[in-house]
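Trainee: Please give me a close look at one loop of this structure, with attention to its backbone. After that, please set it in the context of the rest of the model.

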Amino acid sequence: MSIAIECKNLDIGFRNAESDVTIIAGLDLAIETGEFLTILGPSGCGKSTLLRVIADLLGPLKGTISVLGSDPHLARQSRQIGFVFQDATLLPWRNVRDNIELPTRVGGNARKPLPENRTDALISMLGLDGLGERFPHQLSGGQRQRVAIARALIEEPQLLLMDEPFGALDEITRDRLNNELLAIWRRTGTTILFVTHSIMEAVYLGQRVMVMATNPGRVLEIVDLGEIKTADNACSREDPRIISAMAEMRVALEAAS
Amino acid sequence: MMERPLSRQALIVLPIMGATLILAAWQFLVPLAGIPAYIVPTPTTIAGVFANQWPLLISNLWPTLFESIAGFLIGNSVAVLLAIIFAYSRVMQAAYFPVILFFNTIPILALAPIIILIFGLGMLPKIIIAAVICFFPTLVNMIRGLNSATRNEQELLRILSATPWEIFWQLRFPRSLPMLFSSLRIASTTCVIGAIVGEWIGSDKGLGALIIQATFNYRAGQLYAAIVLSSSMAILLFAIVAYIEKKVIDYT
């Protein structure tokens, strides 16, 4: 297995005029290609900031990071990163189809032409049939988030970064989208980093769960769920081993807060 | 308890009824109160002016309409261009926005004679006054509109390696349109005020000139007819802008 993301002794945070504000210090992390890693932690622990550093939206303060075998900047420019925000961030003046195709309309000429029917296939895959001409305000929260995922997938990125994408949805919709996301992951083999503050979601989706704590931001543990899940990362939410893994994480999070 | 929304018919009939009642009261109460017709004419007198002096009214309407539309187009175009410069250059904004703000605080009635002194008595100074009056609200709204993209939207375009040109056309400009149109709606009525103020100060044609002449000659019917005509013109311009807005911002 090759390594998709590797961080060595990485400090992340914000640069101010006077001094740097470090959120996570000395992070060492290796994520394999094709892995589904969930990042779990309370607000302020730096999980979204980590995603932003990987996506080259923010530079690291110290240490090294490699994304898809190169600098995050090059990885971003080669269009190998898809990003899904907590709010769907759809452009209100573009309909569903045009929002999904946005990545193929910007970024200079360095893009490969879009295969025919690609948008239709994604619309279908994400259960958006018949909604292609609708505008964002005509969609439900769950539908908007599906459009955002389709947009992130349109260029078939090797890496999908998801920043609490289902955090604002009701539980029923969230469960359904969790299952659909797993199906997409199995089908595409994309490496996924998924930030959440739901313990259930983290355990249900991830092959490994990176549990983080705040003040200072740090990694508490990385829990490998390989032994209690099937080879294709499936499990039952009612499985006692899943429930006990969740309980252990809850205890760890409470002890650290 | 929530009131039931009014029906479509009621929304048409009620304002007509309201206006009719006011006009009827005006028609009967003004003579009853002994107010002479050369001070406040009745609605039928004003209607008579429209019937008898239509060529005079219409020949004075065209210059004002032309000045208003030209002022609207020029004032708003300059404001939009300047807003784009300011939105992209904090240095330019810091250097020139205070000057523009100061300029805007000068009352238009004080500024108009200066503009007429410089540009003479033709149509040009009226167009400039109409442009000046449109300019500031559009500038402020457009700067705010161009800066109204959310952090996530900006990050999305950055992840997609969008060029500055693409960020402008795909994000910042469409984001600014609702705010631009709210100021264009305001400008569509104030540009008429600008043209009329300009005509007051130095002109022998246009609705502004007609208003001044009618006032000093105690031709109250003509005065009121000119006012009705200028209001109608402003409402028409407003309706055109609102119609274009509906066509452009068709996604809400």
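Mentor: Glu156(A) sits in the loop of chain A that runs between helix α5 (141-153) and strand β6 (159-163). The model is a predicted one, and the phi angle computed for Glu156(A) is positive, at about 50 degrees, although the residue is not a glycine. This deserves attention because most residues other than glycine have a negative phi. As for its surroundings, Glu156(A) has 13 other C-beta atoms within 10 Å. A residue is classed as exposed with 12 or fewer such neighbours and as buried with 20 or more; Glu156(A) is therefore partly exposed.

Chain B offers a parallel case. Tyr218(B) also has a positive phi, of about 55 degrees, and is likewise not a glycine. Tyr218(B) lies in the loop between helix α9 (207-216) and helix α10 (220-248) of chain B. With 13 C-beta neighbours inside 10 Å, Tyr218(B) too is counted as partly exposed.

A further backbone feature belongs to chain A and concerns a peptide bond. Most peptide bonds are trans, but the bond that joins Asn215(A) to Pro216(A) is cis, with omega at about -10 degrees. Pro216(A) is placed in the loop that links strands β8 (208-213) and β9 (218-224) of chain A.

The two chains also meet. On the side of chain A, 18 residues are in contact with 16 residues of chain B. Helix α2 (72-77) and strand β5 (81-84) of chain A each contribute at least two residues to the side that touches chain B. By class, that side of chain A consists of ten nonpolar, five polar and three charged residues.

Chain B itself, to which Tyr218(B) belongs, contains ten helices and zero strands. Its radius of gyration is 23 Å, whereas a compact globule of 252 residues would have a value near 18 Å. The C-alpha trace of chain B spans about 75 × 60 × 30 Å along its principal axes. Of the 252 residues in chain B, 32% are buried. Among contacts in chain B between residues at least 6 apart in sequence, 76% join residues at least 24 apart.

One helix pair illustrates the packing. The axes of α3 (residues 54-88) and α6 (residues 123-146) of chain B come within 6 Å of each other and cross at roughly 35 degrees. The crossing of α3(B) and α6(B) is right-handed, and the residues of their contact comprise 25 nonpolar, five polar and two charged.

Chain B is further divided into domain 1 (1-35) and domain 2 (39-248). The C-alpha centres of these two domains of chain B are 30 Å apart. Where the domains of chain B touch, six residues of domain 1 are in contact with five residues of domain 2. The domain 1 side of this contact in chain B has five nonpolar residues, one polar residue and no charged residues.

To return to the loop requested, the two points to retain are the positive phi of Glu156(A), about 50 degrees, and the place of Glu156(A) between α5 and β6 of chain A.

Conventions:
Residues numbered from 1 in each chain as written. Chains lettered and ligands numbered in written order. Predicted model: local features only at pLDDT ≥ 70, side-chain atom pairs only at ≥ 80, totals over all residues. Contact = placed C-beta atoms within 7 Å. Helix = DSSP H or I, 4+ residues; strand = E, 2+ residues; numbered from the N terminus. Nonpolar A, V, L, I, M, F, W, Y, C, P; charged D, E, K, R; others polar. Rg over C-alpha atoms; globule rule 2.2 N^0.38 Å. Axes fitted to C-alpha atoms, helices over the stretch in contact; angles between N-to-C directions. Left-handed = near helix turned anticlockwise from the far one by under 90°. Domains from an automatic or database assignment.
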